[in-house]
Amino acid sequence: MTETTAWEVAYQRFETPEQERRKFLRRLRSLGAHRWDRRTGVLEICSGRGSGLVAWRALGFRDVYGLDLSVALVMASDLHRSSVVGDARRLPFRTASRDVAIVQGGLHHLPEFDDVRAALAEMRRVLKPDGRVIIIEPWLTPFLRVVHFVTAQPLARAMSNTLDAFAAMTDEERPTYEAWLARRDQILATVAVDFEPVVVRKRWGKLVFVGRPRPR
Ligand SMILES: C[S@@+](CC[C@H](N)C(=O)[O-])C[C@H]1O[C@@H](n2cnc3c(N)ncnc32)[C@H](O)[C@@H]1O
């Protein structure tokens with residue numbers, strides 16, 4: 001029996017799976033994924049309870065796998081048969097086997113910056129030479145500063161389950177979250193070692209990076 005952590009509890013009450021699925025669908029469409037070849041092989045790392053995988057499937061992609069370290073979240077996923085429990089720093093996938101490697105909100109959970117480097121190198125390794133990486137992570141934009149200010153107010157937390165769940169998640173992941181937010185230049189420089197940027201957006205508290213693996 002695996003114990004559910006306080007972070008996993010807060011994550012599962014932040015949004016319903018349906019809200020997550022709609023959010024991920026909007027994101028994928030905003031990147032033009034609905035126009036890509038449906039035979040594209042997708043690997044989503046740090047896939048949590050799998051709502052991102054459900055969004056890929058809803059767009060018609062069939063060759064979709066997820067990977068997450070949390071047994072509880074993988075087992076909670078509707079697509080748990082397409083998900084593996086595993087570590088983003090050592091992906092159990094063959095070199096040059098995937099067309100898309102995507103991470104949404106997972107890199108900022110890794111304990112050290114060397115772990116982020118390792119996860120990026122693994123995404124680079126499993127991608128085909130003409131593949132795409134998609135990285136969507138928190139980013140300290142003015143909007144996120146406002147969110148931090150609001151969620152620091154006990155009254156706001158008392159009035160909104162969503163704000164309270166966000167604040168509870170942030171409390172649980174604070175050391176890695178704050179270290180991540182403080183490293184903007186280093187992150188972009190590190191990502192650029194493995195990937196040539198195609199899209200870089202920083203808005204609404206998120207970095208959206210789409211890139212191509214650099215030739216070795
Ligand atoms: C903020 S959640 C994001 C989940 C999902 N991508 C989403 O956006 O809803 C971060 C996820 O990273 C996972 N995680 C943390 N460290 C990991 C690692 N080393 N390897 C794989 N997954 C990891 C956690 O279990 C968690 O599910």
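This short talk covers one helix, one pocket and one glutamine. Keep in mind that the model is predicted.

Helix H9 comes first. H9 runs over residues 184-194, and its buried residues are Ile187, Thr190, Val191 and Asp194. Look down the axis of H9. The buried residues fall within an arc of 100 degrees, so they line one face of the helix. What do they pack against? Two helices, H5 (113-126) and H8 (161-181), and three strands, S5 (127-138), S6 (195-203) and S7 (206-213). Now turn to the face of H9 pointing away from its buried side. That face carries Asp185 and Val193, both exposed.

H8 leads us to the pocket. This is the second largest pocket, with about 190 Å³ of space. How many residues line the second largest pocket? The count is 13. Nearest its centre lie His148, Thr151, Thr170, Arg174 and Tyr177. H8 gives the most to this lining, with eight residues. Helix H6 (142-151) also supplies at least two. By class, the lining has six nonpolar, three polar and four charged residues.

Last, Gln104. You will find Gln104 in strand S4, residues 98-104. Buried or exposed? The relative accessibility of Gln104 is 11%. The cut-off for buried is under 20%, so Gln104 counts as buried. Its side chain has polar partners. One polar contact, at 2.6 Å, joins Gln104 to the side chain of Arg27. Another, at 3.2 Å, joins Gln104 to the side chain of Glu44. Leaving out residues up to four places away in sequence, Gln104 also touches others, including Phe24, Ile45, Cys46 and Gly52. Ile136 and Glu137 are among its contacts too.

Definitions and conventions:
Residues are numbered from 1 along each chain as its sequence is written. This is a predicted model: local features need pLDDT of at least 70, side-chain atom pairs count only at pLDDT 80 or more; totals for chains, interfaces and linings use all residues. Side-chain values use heavy atoms; hydrogens and water are left out. Buried means under 20% relative accessible area, exposed over 50%, partly exposed in between (1.4 Å probe, protein chains only). Helices (H or I, at least four residues) and strands (E, at least two) are DSSP runs, numbered from the N terminus. The arc is that of the directions from the helix axis to the C-beta atoms. Contact means heavy atoms within 4.5 Å. On a 1 Å grid over the protein atoms alone, a cavity is a set of points where a 1.4 Å probe fits but cannot get out, and a pocket is an open set with protein on both sides within 12 Å along at least five of seven lines; lining residues have an atom within 4 Å of a point. Grid points are joined across faces, edges and corners, and a volume is the space filled by probe spheres set on the points. Ala, Val, Leu, Ile, Met, Phe, Trp, Tyr, Cys and Pro count as nonpolar, Asp, Glu, Lys and Arg as charged, and the others, Gly among them, as polar. A polar contact is a pair of N or O atoms within 3.5 Å; within protein, one must be able to donate a hydrogen and the other to accept it, and residues adjacent in sequence count only if both atoms are side-chain atoms.
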